Amino acid sequence: MNWSLEFLPETRKDMRKLDGSQSRKVAKAIDKTRTNPLPRSEGGYGIELGNKGGINLAGCCEIKLRGEGLRVIYKLMCIETKMIVIVIGVREDEDVYNEASKRMKKYRL
């Protein structure tokens, strides 16, 4: 069963910043993950996040695209079976986690 998928407005901008091949790989990874976006501890594809360097991302998961150096941070709304993509960004630093935290506060996720 595919979960419904929702992107924050900023996440659509994140996607447009990627080059064509990166965009296709991210879309493919999100599409695969949405078939079972639960955390790995619950048998899904998501990597659970918690408190990363003082940034509280409890309840969020990530998809790592190591070959592309990208991360996709998402949150599940289990009552609605909705997967909300919060941020897509470079894996090199902690900026992606900071941005995810800001957007979660902004949209009260």
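## Two pockets in a predicted model

The second largest pocket has a volume of about 190 Å³. Keep in mind that this is a predicted model.

Let's walk around that pocket's wall. Its lining is made up of Ala-29, Lys-32, Thr-33, Arg-40, Tyr-45, Ile-47, Glu-62, Ile-63, Lys-64, Leu-65 and Arg-66. Two elements give two or more residues each to this lining: the helix α2 (20–33) and the strand β5 (60–65). Which of the elements gives the largest share of the lining of the second largest pocket? That's β5, with four residues. As for chemistry, the wall of this pocket splits into five nonpolar residues, five charged ones and one polar one.

Now for the largest pocket, which holds about 250 Å³ of space. Here 13 residues form the lining, and those nearest the centre are Asp-14, Ile-88, Gly-89, Val-90 and Val-96. Three elements, α1 (9–17), β7 (82–90) and α3 (95–106), each put at least two residues into this lining. The largest share again belongs to a strand: β7 supplies four residues. Sorted by type, the lining of the largest pocket has six nonpolar, six charged and one polar residue.

Here are the two side by side:

| Pocket | Volume | Largest share of lining | Lining types |
|---|---|---|---|
| Largest | about 250 Å³ | β7, four residues | six nonpolar, one polar, six charged |
| Second largest | about 190 Å³ | β5, four residues | five nonpolar, one polar, five charged |

To find these spots in the structure, you could start from Asp-14 and Val-96 for the largest pocket, and from Tyr-45 and Glu-62 for the second largest.

Terms used. Residues numbered from 1 in each chain as written. Predicted model: local features only at pLDDT ≥ 70, side-chain atom pairs only at ≥ 80, totals over all residues. Heavy atoms only, no water. 1 Å grid on protein atoms, 1.4 Å probe; cavity = no way out; pocket = protein on both sides within 12 Å on 5 of 7 lines; lining within 4 Å. Points joined across faces, edges and corners; volume = space filled by probe spheres on them. Nonpolar A, V, L, I, M, F, W, Y, C, P; charged D, E, K, R; others polar.
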